Amino acid sequence: MTLRAFRGEILSVAHDPRDRADAVRHEPDGMLVVEDGIVVARGSHADLAGRYGQVPVEHMRGLVVPGFVDAHVHYPQMDSIAAHGAQLLDWLDRHIFPAERAFVERAHADAVAAAFLDELLRNGTTSALVFATVHAQSVDALFEAAQRRAMRILSGKVLMDLGPQGLADTPLSARTESEALIRRWHGRGRLGYAVTPRFALTSSDDQLSTAGALLAAHPDVLLHTHLAENVRECAAVAERFPDASDYLDVYDRFGLVGAYSVFAHGVHLSDRACSRLHDRGAGLAVCPSSNLFLGSGFFDFGQADSRKVRLGLGSDVGAGTSFSMLRTAGFAYQAALARGESLDPFRALFLATAGSAALLHIDDRVGSLEPGQEADFVVLDCAATPLLARRTAGRDLAERLFALQILGDDRAIARTYVLGECAWHRDTPIRSAMMHLEK
Ligand SMILES: [Zn+2]
């Protein structure tokens, strides 16, 4: 049993500030007490110092926030980030499918999984819902690397029996391989499984039914897929499924829309689809940098909020242009404003932490640094660059937070803690103990 304390400015947003006046919790001189990786007390230093006076204290210079939760990201695409010149369907053919074929080699998957998780930690992301590839071993590689870092990661084998040569499975192999992976990984340590059809166009009706059957057999496993991202994609879906009332209805017909369903994007949704998402308790991973990069459009926060759709935030690398959830929050602000909505910086932080955690059904464990939660947190440096330092000096919390979201990125992540242990330290050339295990 080890008790440790962390002292500094602490901020979390456990609920959507649009719904609750007490959503924002802020201690200018706060204290976080951690026992065996779990937060056991949090409050002002003045209140807690007496009770925990004997506990060794680490001083946190910067703004302490919960570890970021990336609700949609593709690890096999990290080396295809910044690929020039195409919208979604052409971009997949030209850049992504060739890159994903390489994951047939386990050694390649291991190397990319390690680099990917280290990049998440460098960016302050401690939990994520991750696309692997169609190859079952790509999931093993990611989960084993996550286990070594004690990170909370959810993932699954991609289902795509209509995929291109070298990336197509079958409804039968999709089922047997997914079942085996669920048995091997779901609920093991901090890991969880997600049934992951790539999107409606890459799976046969048979395989979409298989996905529905997997979810019915494993009700606490997530469904993770893409929805209404790009105009050409939506037209192709409408053409293949002429009887469906909209894109979401395609998934609905195969039993894929429920409280554990996470749909990436949702840029082009009907009002009916938004209402249906709300009624089923399903949610959207908003991916604004990706939507801008692929020319997909701007997410409609007004439409989603009017139907009270549950939202989280995703980097969607490799279509996304940054692993940083700070930067992704900044892109979300700009996407919202393009459609006439103003995204509050505290709400953006909520979406990048507790909001995404709720979408992934891990909000009882992470996302708001409340007592009982796992001690995953980040120390943000408001003076990470000369410009950030000028813009934030002497400013109030909302202004500093917004400046971090617009001007900040991995440079603003001074340290990342996983279960109370330092997993990334920007200013120390020696890599953390957890990362050493990889070598
Ligand atoms: Zn994606």
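Okay, so let's start at Phe6, which sits opposite Glu58 in β4. That pair belongs to two neighbours, β1, residues 3-13, and β4, residues 57-66, which run parallel and are joined by five bridges. Keep in mind that this is a predicted model.

Now zoom out to the sheet. It's an open one with seven strands, and if you walk across you meet β3, β2, β1, β4, β14, β15 and β16, in that order, with mixed pairing. What stands at the edges? That's β3, at 38-44, and β16, at 421-425. Each has a single partner strand, so one side of each has no neighbour in the sheet. And the strands aren't lined up flat: neighbours are turned against each other by 35 degrees on average, ignoring direction.

Next, look for helix α13, residues 345-359. This helix lies across β1, β2 and β4, at about 130 degrees to β1.

Hold on to α13, since we meet it again in the largest pocket, which has a volume of about 400 Å³. Which element gives the most to that lining? α13 does, with seven residues. The whole lining is 18 residues, and nearest the centre are Asp16, Asp19, Val309, Arg310 and Phe350. By type, the lining has eight nonpolar, two polar and eight charged residues.

Last stop, the second largest pocket, at about 220 Å³. Here 16 residues form the lining, with Arg152, Leu154, His186, His361 and Ile362 closest to the centre. Strands β7, 152-156, and β9, 191-197, each put in at least two residues. The split for this lining is six nonpolar, five polar and five charged.

Conventions. Residues are numbered from 1 along each chain as its sequence is written. This is a predicted model: local features need pLDDT of at least 70, side-chain atom pairs count only at pLDDT 80 or more; totals for chains, interfaces and linings use all residues. Side-chain values use heavy atoms; hydrogens and water are left out. Two strands pair if DSSP finds at least two bridges between them. Helices (H or I, at least four residues) and strands (E, at least two) are DSSP runs, numbered from the N terminus. Axes are lines fitted to C-alpha atoms, for helices over the stretch in contact, and angles run from 0 to 180 degrees between N-to-C directions. Contact means heavy atoms within 4.5 Å. On a 1 Å grid over the protein atoms alone, a cavity is a set of points where a 1.4 Å probe fits but cannot get out, and a pocket is an open set with protein on both sides within 12 Å along at least five of seven lines; lining residues have an atom within 4 Å of a point. Grid points are joined across faces, edges and corners, and a volume is the space filled by probe spheres set on the points. Ala, Val, Leu, Ile, Met, Phe, Trp, Tyr, Cys and Pro count as nonpolar, Asp, Glu, Lys and Arg as charged, and the others, Gly among them, as polar.
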